[in-house]
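Hi everyone, thanks for coming. Let me put the structure up on the screen, and then we can walk through a few parts of it together.

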Amino acid sequence: MWAKLALKLFRQELKRGELTIITLAIALAVMTVMTLSSITDRIGLSIEQKSNEFIAADRVLSSNHPFDDEIYTQAEAFNVTTSKIIYFDSMLFAGDEMQIASIKASDSLYPLKGDLKVRDTLEGDSYIVSQGPSAGNVWMSDTVFYSLNIDVGDSIEIGAAKFVVEKVLAEEPDAPFSVFSSSRRVLINIDDIPRTEVIQPGSRIYYRTLFAGDEKAITDYYAWLKPNLKDNQNWYGVKDRQSPVAESVNRAERFLLLAGLLGIMLAAVAIAVSAKRYCERQYDPVAMMKTLGGSRITVRKIYLLHLSLVTIFAVSVGLFVGFVLQGVAVDQLAKTMGNTLPSASLKPMLIAVFTGVICAVMFSLKPLLDLFDIPPLRVLRRNLGDTLAVSKIHLGLSALTVYLLMLAYSQNIVVSTILFVSSAVLAGVLFGCSRLLLSGSRKLGLKPSSSWSLAIASLQKRANANSVQLISFALAIKLMLFLFVLKNDLISDWQSQLPVNAPNAFLVNITQSERAIVSDYLTANSITTTDFYPVVRGRVNGINGEKVARSVSAQDNEKKDEEARSGVGRELNLTWIAEPPKHNEVTQGEWFSGVEGGETSIEESMAERLDIKLGDTLDFLIGSETFSVTVTSMRKVNWSTLQPNFFIILSPDVLSSFPATYISAINVPGESKRALQGLLRDHPSISIIDVDTLIKQIRSTIEQVSMAIGFVLVIVLLCGALVLISQVQASLQERMQEVVILRTLGARGRLIKNAILYEFFLLGVFAGTVAAVFSDVALLIVQYNMFEQIGNLHPMIWLVGPLAGALFVAILGYSMIAKTLNKNTQGLVRAL
Amino acid sequence: MTKLSQMNVIQVKDLTKKVKTLEGELTILSGINFNVKPGESVAVVGASGSGKSTLLGLLAGLDSISEGHIFLDNEPLHEFDEEARAALRAKSIGFVFQSFMLVQSLTALENVMLPAELAGHTDAEQQAKSLLEKVGLNHRLDHYPSQLSGGEQQRVAIARAFVGKPKILFADEPSANLDSKNGRLIEELLFELNQESGTTLVLVTHDEQLAAKCQRILHIDAGQQIDDRAGESFYVG
């Protein structure tokens with residue numbers, strides 16, 4: 001019987017629109033999570049797939065020792081494809097010419113991801129091939145041809161084996177990003193290795209195995225591999241590499257997660273407000289039901305069924321709309337990017353359903369419990385139960401739920417805490433300020449019959465409700481401003497690293513004598529270039545006179561010197577420069593000011609790792625020469641810029657006397673690339689490193705993320721609007737009563753309309769102002785902690801916040817009340 | 001336990017109601033004693049704030065008493081918890097309120113069916129239609145409260161009060177929100193149905209004319225019972 005009654009009441013409440021806002025709020029939370037998770041998931045997978053092309057696999061295992069066969073048999077058992085690669089440096093011989101080069105020997109499955117491109121002649125067009133050279137053949141990069149003065153079809157020798165030069169190696173997906181790596185690349189078949197006889201005891205050989213397969217298979221395989229990994233074996237994916245692509249992927253994921261989080265926070269506020277309003281509207285029917293003999297259990301069953309039905313309906317709607325929306329968004333992205341995005345996993349749907357149910361239950365639980373407690377005596381004493389409405393438990397429970405959702409969704413305790421605490425402080429400050437301001441505004445001395453006076457009186461009268469409204473508005477505006485500014489900063493930060501004329505190639509190994517020739521050549525061919533950075537190879541030998549540990553070879557069973565201070569363990573590329581590089585920020589000390597004996601500037605993470613402080617002395621070893629300099633500054637280096645970056649920079653007076661090669665970043669349009677071949681032919685010691693593909697990948701990532709962020713902003717805006725609507729609706733009944741009284745007293749329509757408009761306007765201005773202050777503070781902290789950006793204040797939002805707040809709140813609030821204002825007084829009385 | 005006289009449908013003995021306020025304990029009602037026989041009509045009168053509505057709430061089991069006894073339809077109401085009181089209301093009590101108290105989201109027919117449905121009656125719709133016809137609203141069955149006039153809303157409330165054939169009907173200022181013409185019509189309807197169904201009627205009112213129609217008048221002043229006499233003689237005296 002109770003179910004029939006419950007369904008009847010539910011149908012009527014649904015028809016009357018009482019459940020619309022709560023349904024919309026839950027649906028919006030589900031839709032937000034579903035859409036964002038799916039888009040993030042699909043873009044993430046796409047970016048990862050694309051990025052994986054940069055390591056030619058999904059994962060890589062590297063070592064300086066050969067791998068056991070079990071690595072391969074287990075991979076096969078886990079349905080993971082493998083490809084073997086061996087690297088070594090060796091001398092190439094072609095007649096009388098010889099040249100050292102990096103040799104890569106691959107099997108027939110290489111590459112597992114990405115494209116291998118070759119040319120049939122030095123001048124020909126490149127095309128994609130599905131596998132590396134067959135046994136007996138060799139493919140080489142242009143520079144090797146020029147160095148050895150040979151052509152396609154000639155023969156070369158590597159170790160004891162002879163090879164036919166079959167093709168020009170144009171692009172390898174896993175070519176190193178480092179501009180200091182050799183660009184003399186040679187690819188042979190792994191079956192030819194025994195013929196070369198290059199692998200001897202003590203040879204510096206590097207082994208790499210590429211892995212590809214679906215994510216689960218790889219995860220399962222790694223679970224087996226992990227306990228079996230040796231100290232000299234390193235397992236990594238694209239995210240582990242310190243490359244600009246990996247950096248972009250991580251940032252994009254973090255941003256989208258954060259945006260989703262804010263959407264959920266707003267939807268949660270809307271659910272809490274609308275659930276409270278719905279329950280308050282049910283106080284009388286519940287009191288009546290109890291008076292007419294309805295038991296507490298019956299009432300509980302009726303309203304729990306309502307909540308369940310609303311949740312099921314809203315979650316279904318949210319899932320459906322979210323699914324359609326992410327499909328449209330992804331199609332749009334795919335069209336723009338000219339590629340297809342992989343299907344999303346089930347995870348987004350599960351997270352969305354979980355979020356919807358948690359939001360529905362946790363944010364309606366306390367209002368529902370209050371509703372069950374409504375005494376039947378309310379039928380005689382109309383205000384009984386009203387005091388239950390403001391509940392600290394409800395506030396606490398809602399806040400805890402929001403925080404836990406934030407934690408679960410962002411999996412970042414720092415960001416969740418920053419956003420949560422700043423929002424909580426905002427709420428507290430606003431509550432206090434609003435009470436002060438509202439009581440202070442009594443003394444403004446306005447005429448009682450003016451719209452402004454009525455607006456202020458109305459604000460004062462509903463001081464408690466308005467404080468809550470103000471907090472909701474400010475929170476919504478704060479989160480929207482926060483996201484909008486972060487989006488702009490993030491994208492402009494990315495774009496500033498990759499301007500239209502960003503370098504797309506590096507010229508390395510330029511000698512002092514070639515520097516002027518290269519410069520003239522580039523000018524003549526209208527190729528833009530950055531400065532020429534001198535590079536000197538050297539080693540940090542000691543810190544403050546204390547010797548640093550040198551690197552040891554595990555192969556020769558050397559023991560590490562535990563007593564020695566930790567050092568870099570390898571030769572570094574050192575440079576000298578008079579002014580700090582543009583994309584470096586001096587964070588401690590001062591840039592070179594002429595300290596006697598020489599100065600050095602250290603990248604801050606290296607300084608931290610090696611425990612180097614300002615004023616310390618570093619001992620360098622270059623060739624056989626040693627010298628010491630003082631550390632006078634620390635630098636923050638943005639590694640994601642495609643610029644030559646250095647861990648250690650020395651003052652020109654120290655290093656300029658050492659023989660150096662030069663490096664320069666250039667921007668060369670596709671059609672001009674051929675022109676560079678002339679330069680390389682004439683100066684075979686110079687190498688070119690092409691990073692065009694890398695730049696295209698980063699740009700594509702940025703474009704995908706920018707579009708996704710656009711969708712996110714629309715969703716967050718919708719959530720914000722819903723908060724406002726739910727708040728205005730919560731006060732509609734009271735406003736209608738006021739309108740009736742004012743109309744009855746003869747107030748003109750214009751006066752009432754203006755009073756309501758001004759009331760919302762004032763609320764909006766105040767909420768917008770406070771929101772701007774708090775979002776800027778939260779931005780400063782989050783940008784620094786989460787996105788490693790240098791935080792700046794944003795004066796624009798101090799203007800936009802109050803303006804947007806006033807317009808947003810006034811227009812939306814007024815338009816919701818307008819329908820009521822147009823009713824005649826009799827109609828309003830009836831509706832009350 | 002005080003013995004209940006089988007002759008009375010309501011028996012009130014030494015009834016006291018106290019509430020806690022910021023200033024301390026406040027006695028709202030004290031020393032109330034009266035009995036009501038089945039089918040009898042009783043008006044509770046008194047100035048605003050005298051405790052009339054509190055008494056009505058206690059008699060109907062909407063609130064718990066502080067001291068004393070109330071027997072309602074042979075049941076010791078003072079010993080019941082909220083759930084038991086609700087069950088007793090469902091079985092034996094009907095209500096009419098000054099502000100009608102209709103559920104806004106239900107139609108006239110559904111409002112009248114509500115108590116019968118809560119009590120688990122299977123013929124709720126039939127009962128409700130028959131009562132709405134009696135109060136002259138068979139043409140307004142599917143109208144919502146907001147689509148009805150004040151008089152019509154109170155007629156729906158009266159029909160609702162009589163559904164399930166309650167033994168006792170409590171009315172709180174049933175005509176106070178209506179104009180005099182509609183007020184009189186409602187009063188007539190209330191007494192007509194009361195007599196027709198043999199229901200005991202206890203009503204709270206300021207209206208002397210309405211109180212005078214009752215068989216007995218109970219006068220409350222400042223929480224004390226100061227008079228209990230026949231309706232016709234009350235105002236004459």
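Let me start with a question: how many bridges join strand β1 of chain A to strand β10 of chain A, and in which sense do the strands run? The count is five bridges, and the two strands, residues 59-63 and residues 205-212, run antiparallel. Before I go further, please keep in mind that this is a predicted model.

If you want one pair to click on, take A:V60, whose bridge partner in β10(A) is A:L210. β1(A) also pairs with strand β11 of chain A, residues 233-236, again in the antiparallel sense, and here there are four bridges. A pair to click on there is A:S62, with A:N234 as its bridge partner in β11(A).

Staying with chain A, I have two backbone details for you. As background, most residues other than glycine have a negative phi, and most peptide bonds are trans. Now look at A:Y110 and A:P111: the peptide bond that joins them is cis, with omega at about -5°. A:P111 sits in the loop between β3 (97-106) and β4 (116-119) of chain A.

The second detail is A:E197, which is not a glycine and yet has a positive phi, near 60°. You will find A:E197 in the loop between α5 (193-196) and β10 of chain A, so we are back at the strand that pairs with β1(A). Is A:E197 buried or exposed? A:E197 counts as exposed, because it has 11 C-beta neighbours inside 10 Å, and the cut-off for exposed is 12 or fewer.

Chain B has a residue of this kind too. B:E173 is not a glycine either, and its phi is positive, at about 45°. Its place is the loop between β7 (168-172) and α6 (180-197) of chain B. B:E173 has 19 C-beta neighbours inside 10 Å, so it counts as partly exposed; buried would need 20 or more.

Let's zoom out to chain B as a whole. Chain B has eight helices and 10 strands. Of its 237 residues, 50% are buried. For those of you who like contact maps: among contacts in chain B with a separation of 6 or more, 67% are between residues 24 or more positions apart.

Now for a helix pair. Two packed helices are described by the angle between their axes and the distance between the axes. In chain B, helix α3 (residues 108-118) packs with helix α5 (residues 150-162) at an angle of about 30°, and their axes are 7 Å apart. That angle makes α3(B) roughly parallel to α5(B), since anything under 35 degrees counts as such. The crossing is right-handed.

Which residues in α3(B) and α5(B) meet? From α3(B) we have B:A108, B:N111, B:V112, B:L114 and B:P115, and from α5(B) we have B:V156, B:A159 and B:R160. By class, this contact has six nonpolar residues, one polar and one charged.

Finally, the contact between the two chains. Chain B brings 26 residues to it and chain A brings 25. On the chain B side, the elements that give two or more residues are α1 (52-59), α2 (82-92) and α3, so here is α3(B) again, the helix that packs with α5(B). The most comes from α2(B), with six residues. Sorted by class, the side of chain B that touches chain A has 14 nonpolar, seven charged and five polar residues.

That's my tour, and I'm happy to take questions.

Note on methods. Residues are numbered from 1 along each chain as its sequence is written. Chains are lettered from A and ligands numbered from 1 in the order in which they are written. This is a predicted model: local features need pLDDT of at least 70, side-chain atom pairs count only at pLDDT 80 or more; totals for chains, interfaces and linings use all residues. Axes are lines fitted to C-alpha atoms, for helices over the stretch in contact, and angles run from 0 to 180 degrees between N-to-C directions. Angles under 35 degrees count as roughly parallel, over 145 as roughly antiparallel, 65 to 115 as roughly perpendicular and the rest as oblique. A crossing is left-handed if the near helix is turned anticlockwise from the far one by less than a right angle, and right-handed if clockwise. Two residues are in contact if their C-beta atoms, placed from the backbone, lie within 7 Å. Ala, Val, Leu, Ile, Met, Phe, Trp, Tyr, Cys and Pro count as nonpolar, Asp, Glu, Lys and Arg as charged, and the others, Gly among them, as polar. Two strands pair if DSSP finds at least two bridges between them.
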